[in-house]
Amino acid sequence: MTSIFAHEVRTPLNNLSTGLQLMARNTPDDDPNQELIIQSQEDLNRITHLTESTLDFARPKETKMETVDIAVLLKRLLNRWHPRLARLNVVPQFEVHDENPITNADPRALEQVFSNLIGNALDAMSDKGGILGISIRAIDTRDGRGQIEISISDTGPGIPEDVRIRIFEPFFTTINQQGTGLGLSIAKRIVTRHNGTIEINSVPGGSVFLVNLPACEARHN
């Protein structure tokens, strides 16, 4: 039912967006109604994002697995975020401790996971800037299976304990957050679907998301 609802709502939302764009173009820049149009567009964008996130949560996309180099994927993703990093005065620190960190995964799904984690880190540092740390290393579990550990860290204020224990719950959000409350829940679902784990550590002065994914056996040959 949730999936059907989200799908049906998208069409009228698209029509409303088109109408607002036409109104903006046909309204003089100094017209006081421009402010109302801009606010309406922002509210509509938020509803559209919520609808898309709800649709992703209710009906996950089909996973298409292939060999993925995590370092290459994250470097490409970090380049896309560069303009926002510069605007927020956030300095990226990228470290790869082992060569060719290869996993078997859906690259588009992993991009969604790490985009969400990077976005959360930047939101935490949006007031004063800071350092975005991305680290990739190989680890071995107790059963001897190789894993790739990816850490996404920030130098923000940290996350309170009462928020941290609920942070992966669907639709959970904080009062000051403008998101949907679905991003981290979807990220956890994707990581779990890849036989991986995701957790968060946080103290006053920063937070770290740790994602562990199975390493391809070929990596250890």
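This is a short tour of two packed helices, α4 and α6, and of one residue in α4. Keep in mind as you click along that the model is predicted.

**Stop one: the helix pair.** Select residues 107–124 for helix α4 and residues 183–193 for helix α6. Their axes lie 9 Å apart and meet at an angle of about 140 degrees. The pair is therefore oblique, and α4 passes α6 in a left-handed crossing.

**Stop two: the contact.** Now show side chains where the helices touch. On α4, pick Ala109, Gln112, Val113, Asn116, Leu117 and Asn120. On α6, pick Gly183, Leu184, Ile186, Ala187, Ile190 and Val191. Colour this contact by class and you will find eight nonpolar residues, four polar ones and no charged ones.

**Stop three: the buried side of α6.** Stay on α6 and highlight its buried residues: Leu184, Ser185, Ile186, Ala187, Ile190 and Val191. Then step past the end of the helix to Asn195, which follows α6 and has a positive phi, near 60 degrees.

**Stop four: Glu111.** Go back to α4 and select Glu111, which sits in this helix. Is Glu111 buried or exposed? Its relative accessibility is 15%, under the 20% cut-off, so Glu111 counts as buried. Next, bring up Arg80: the side chains of Glu111 and Arg80 are joined by a polar contact of 3.1 Å. To complete the view, add Leu73, Arg76 and Leu77, which Glu111 touches along with Arg80, leaving aside residues up to four places away in sequence.

Terms used: Residues are numbered from 1 along each chain as its sequence is written. This is a predicted model: local features need pLDDT of at least 70, side-chain atom pairs count only at pLDDT 80 or more; totals for chains, interfaces and linings use all residues. Side-chain values use heavy atoms; hydrogens and water are left out. Axes are lines fitted to C-alpha atoms, for helices over the stretch in contact, and angles run from 0 to 180 degrees between N-to-C directions. Helices (H or I, at least four residues) and strands (E, at least two) are DSSP runs, numbered from the N terminus. Angles under 35 degrees count as roughly parallel, over 145 as roughly antiparallel, 65 to 115 as roughly perpendicular and the rest as oblique. A crossing is left-handed if the near helix is turned anticlockwise from the far one by less than a right angle, and right-handed if clockwise. Contact means heavy atoms within 4.5 Å. Ala, Val, Leu, Ile, Met, Phe, Trp, Tyr, Cys and Pro count as nonpolar, Asp, Glu, Lys and Arg as charged, and the others, Gly among them, as polar. Buried means under 20% relative accessible area, exposed over 50%, partly exposed in between (1.4 Å probe, protein chains only). A polar contact is a pair of N or O atoms within 3.5 Å; within protein, one must be able to donate a hydrogen and the other to accept it, and residues adjacent in sequence count only if both atoms are side-chain atoms.
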